[in-house]
Each structure stands twice: as C-alpha cells, then as structure tokens.
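Here is a short report on one protein model. Keep the sequence and the 3D view open while you read.

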Amino acid sequence: MSKMAQDHGAINLSQGFPDFDCPERLKELVAHYLYDRKNQYPPMAGIPSLRQQIANKISLLYGYEANPETQITVTSGATEALFDAVQAVVHPGDEVIMFDPAYDSYEPAVQMAGGISVRIPLCLPDYGIDWQRLSDSISDRTRLIIINSPHNPCGAILNRADLDQLAALVTNRNIVILSDEVYEHMVFDGEQHCSVLSHPVLREQCYAVFSFGKTYHATGWKLAYCVANPTLMGEFRKVHQFVTFTSTSFLQYAIADFMAECPEHATDLSAFYQEKRDRFCELIADSRFRFTPSKGTYFQLVDYSEISDKPDMAFVTELTQQKGVAAIPLAPFYREAPDTRIIRFCFCKDDSTLEQAAERLNKL
C-alpha cells in the first residue's frame with residue numbers, strides 16, 4: 001500500500017511508520033557513536049549497557065527483575081525476535097495458536113518451523129479473546145500461543161483478567177507464550193499496558209518482544225529486544241546467532257544513553273499518541289466512516305459500510321488511487337475474513353498530514 005500511495009501521490013495512512021523524525025538528542029547520540037569508532041561487531045546478545053537499561057526499565061514498569069546477561073537479547077527488529085522465538089521452540093507437527101486478525105509475520109514463521117497454525121478469530125466488535133474457544137483449541141500438540149497487546153491491526157488491549165485466564169489455561173502444560181508487545185507505550189484513556197512480564201505465572205513460560213523502532217519513531221533502524229527465562233533465552237540465542245548474529249552497534253550505544261538520559265520519552269508516549277488519536281478521530285467525526293476510538297497502538301479501525309459495499313482490498317485500492325488516501329485492508333490479517341467493511345488508518349503523522357487526509361476522507 002505504501003508503494004501504491006507513492007505511485008499515485010496519495011497521503012499514506014497505511015503502513016505503520018511516522019512522517020516525523022526521531023528525537024533530536026537521540027540523533028546526536030547516534031552521530032556521536034558513529035564517529036566514535038563504534039562500528040564493529042557488538043556482543044551477540046547486545047551491548048551490556050543497553051541490556052542493563054532494558055532490565056532497569058522492565059523492573060520499573062513491570063516489577064520483574066530480568067537478568068541482562070541471561071534473559072535479554074537485542075535483535076534486528078521485532079520481526080526477527082518473533083521469528084527467532086518461533087524457531088526456538090516449535091518443531092514439525094507442533095500446533096501454534098494465534099488470533100485473527102493476526103500480524104502477518106506470525107504464520108510464515110510457524111510454517112518455516114514445520115508447525116501447524118491454529119487460528120482463532122477475535123470476538124467482534126471489541127476484538128476480545130473467546131476464552132472458551134481457546135480452551136477447546138488447546139491439545140496435546142499445542143506448543144505455542146501467540147498474543148499481541150496492544151494489538152495490530154485492531155488497537156485492542158489485554159487487561160490483567162485476560163492474563164489471569166491465559167495463565168489458568170497454560171499452567172502445568174508444556175506451552176510457551178509468545179507475547180508481541182511492540183506498542184507497549186501506546187495505551188490510551190488512563191489504561192495501563194499489562195505485560196506478560198508483570199504476571200508471576202506467564203513470565204516464567206513466555207517470550208516477550210518489544211520494539212525500539214516503534215518507541216523512538218525510528219522504524220527504519222530495525223532494533224528491538226526479547227525477554228525470557230534463561231532456558232528459553234538460551235534456545236532463542238541459538239537461532240538469533242545464525243539469523244543476524246548481532247545488531248547495529250552504534251545505534252545500541254546511542255539508545256542505551258538515551259534511555260538513561262530521557263526516560264520520559266517512553267513514559268510520555270501514550271499521551272503523545274492519544275492526542276494524535278483524538279485529533280484524527282475529531283477530524284473524521286463528521287465523515288461517513290464509523291468507528292470506536294482505538295484503545296492502543298497508533299492505528300484506528302473504521303467501518304466504511306455506509307460508503308461502499310466493495311471488499312476491503314478493492315475499497316482501499318480505489319481510496320488510494322482515486323481519492324488520494326492510502327489505508328490497509330483487514331482481510332489479509334485473517335485466514336478466513338468475516339464479511340465486514342473495516343479498514344485500518346495509521347495516525348502517527350504530523351497534524352498537517354492528518355488534516356489533509358481528513359479533508360479528503362470527509363468528502364466520501
């Protein structure tokens with residue numbers, strides 16, 4: 001969709017990246033370490049100072065004391081971390097449960113490990129988990145359950161009661177949880193992000209994946225990290241070593257310093273993006289799109305059924321090519337998409353971009 005937006009001169013509210021820059025101080029630190037000869041291989045698991053800063057953050061936010069030597073690994077983006085985790089624990093014939101709509105990298109990673117994807121649709125209209133259906137879907141072959149909160153593409157979040165129900169289902173079972181938490185700092189309306197690392201049961205049998213790119217407005221840097229208990233992390237590192245081995249050196253040094261100097265960037269991020277969500281929703285409130293404001297991420301789902309009865313891919317193609325605004329269809333995130341008319345807009349854009357897009361959307 002980004003390519004289509006570029007080809008047709010459309011405003012790009014499709015792919016999830018900001019059209020504003022990362023913090024000025026962070027760029028200064030990157031430049032400093034680039035010219036300070038920090039350009040050779042860093043340690044495979046990530047530089048020690050960055051892993052220590054990650055451990056400090058996890059302790060502060062989630063009350064979990066992760067050992068930076070044995071439980072934290074820096075990766076070349078969250079997609080790599082997700083892939084490594086799947087390859088580390090899934091064997092041919094193992095079943096992996098994921099929830100539709102599901103981020104599109106999950107299933108290919110499972111297929112490459114020889115696993116079998118078991119896809120459970122989230123419950124409309126709030127995109128919550130059907131706990132009875134999940135319970136019924138767990139078998140002796142279930143090896144991994146993938147969860148995503150805040151959720152891409154839906155913007156839904158899991159709360160403490162959800163984590164308790166998940167813990168009850170996996171206790172005393174040889175099941176690993178893979179928790180995709182890359183939008184951890186984008187939770188709105190006074191809610192708090194509930195990480196699996198904050199849960200005393202789940203933290204012992206999970207991989208938790210987080211993203212520096214999402215947090216610091218620098219998606220092109222492809223830097224992320226994974227947290228797990230020492231045994232699971234040992235298996236994870238065996239994969240990571242032969243996928244990327246390590247990740248960009250000078251970026252790691254810069255982010256370690258920035259985390260220490262500017263912790264408020266992460267803690268203030270929810271308010272920053274809630275303001276953008278509210279602005280975008282206000283701008284399209286009088287349009288024919290129908291929506292409930294997103295609970296998290298920087299994505300907003302909208303129902304276009306009052307505008308068109310075309311399938312979502314056809315609608316976003318027309319919207320991009322003829323109306324000048326690019327969006328993402330939801331159907332590709334499903335194995336079997338429901339008969340709905342819902343698409344996703346990305347609001348991590350400058351106000352001027354959102355205003356120009358809304359002007360076009362309001363004319364539909």
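Lys276 sits in helix 12 (residues 269-283). This is a predicted model. Is Lys276 buried or exposed? Its relative accessible area is 9%, and the cut-off for buried is under 20%, so Lys276 counts as buried. Leaving aside residues up to four places away in sequence, Lys276 touches Phe20, Phe347, Cys348, Lys349, Asp350, Asp351 and Leu354.

**Strand 12**

Strand 12 covers residues 342-346. Five of its five residues are buried, so strand 12 is largely enclosed by the rest of the structure. Both of its faces are covered. Ile342, Arg344 and Cys346 lie on one side. Ile343 and Phe345 lie on the other.

Strand 12 has pairing partners. Strand 9 (residues 299-303) runs antiparallel to strand 12 and is joined to it by five bridges. Within that pair, Gln300 stands opposite Phe345. Strand 11 also pairs with strand 12 in the antiparallel sense, over two bridges. Here Pro329 has Ile343 as its bridge partner.

**Helix 13**

Helix 13 spans residues 312-323. Which of its residues are buried? They are Asp312, Phe315, Val316, Leu319 and Thr320. These residues cover an arc of only 125° around the axis, which puts them on the same side of helix 13. The spacing fits a general rule. An α-helix has 3.6 residues a turn, so residues three or four places apart point the same way.

The cover over these buried residues includes helix 1 (2-8), strand 10 (325-326), strand 11 (328-329), strand 12 and helix 14 (351-361). Just after helix 13 comes Gly324, with a positive phi of about 85°.

**The seven-stranded sheet**

Seven strands form an open sheet in the order 2-8-7-6-5-3-4, and the pairing is mixed. Strand 2 (72-75) and strand 4 (116-121) are the edge strands, each pairing on one side only. On average, neighbouring strands of this sheet are turned by 20° against each other, direction ignored.

At one edge, strand 2 pairs with strand 8 (residues 224-228) in the antiparallel sense, over four bridges. Thr75 has Ala224 of strand 8 as its bridge partner.

Helix 4 (residues 78-89) lies across strand 2, strand 5 (142-148), strand 6 (176-180), strand 7 (206-211) and strand 8. Helix 4 runs at about 165° to strand 7.

The antiparallel pairs described above compare as follows.

| Strand pair | Bridges | A bridge pair |
|---|---|---|
| strand 2 and strand 8 | four bridges | Thr75 and Ala224 |
| strand 9 and strand 12 | five bridges | Gln300 and Phe345 |
| strand 11 and strand 12 | two bridges | Pro329 and Ile343 |

**Pocket and cavity**

The largest pocket holds about 710 Å³ of space. Its lining has 30 residues, and Gln15, Gly16, Tyr103, Asn152 and Lys214 lie nearest its centre. Helix 4, helix 8 (212-215) and strand 11 each supply at least two residues of this lining. Which element gives the largest share? Helix 4 does, with three residues. So helix 4 both lies across strands of the sheet and lines the largest pocket.

How many cavities of 30 Å³ or more are there? The count is one. The largest cavity holds about 30 Å³ of space. Its lining residues are Ile147, Ser149, Leu158, Leu163, Ser179, Glu181, His193, Cys194 and Val196.

Definitions and conventions
Residues numbered from 1 in each chain as written. Predicted model: local features only at pLDDT ≥ 70, side-chain atom pairs only at ≥ 80, totals over all residues. Heavy atoms only, no water. Buried < 20%, exposed > 50% of the residue type's maximum accessible area, 1.4 Å probe, protein only. Arc of directions from axis to C-beta. Contact = heavy atoms within 4.5 Å. Pairing = 2+ DSSP bridges. Axes fitted to C-alpha atoms, helices over the stretch in contact; angles between N-to-C directions. 1 Å grid on protein atoms, 1.4 Å probe; cavity = no way out; pocket = protein on both sides within 12 Å on 5 of 7 lines; lining within 4 Å. Points joined across faces, edges and corners; volume = space filled by probe spheres on them.
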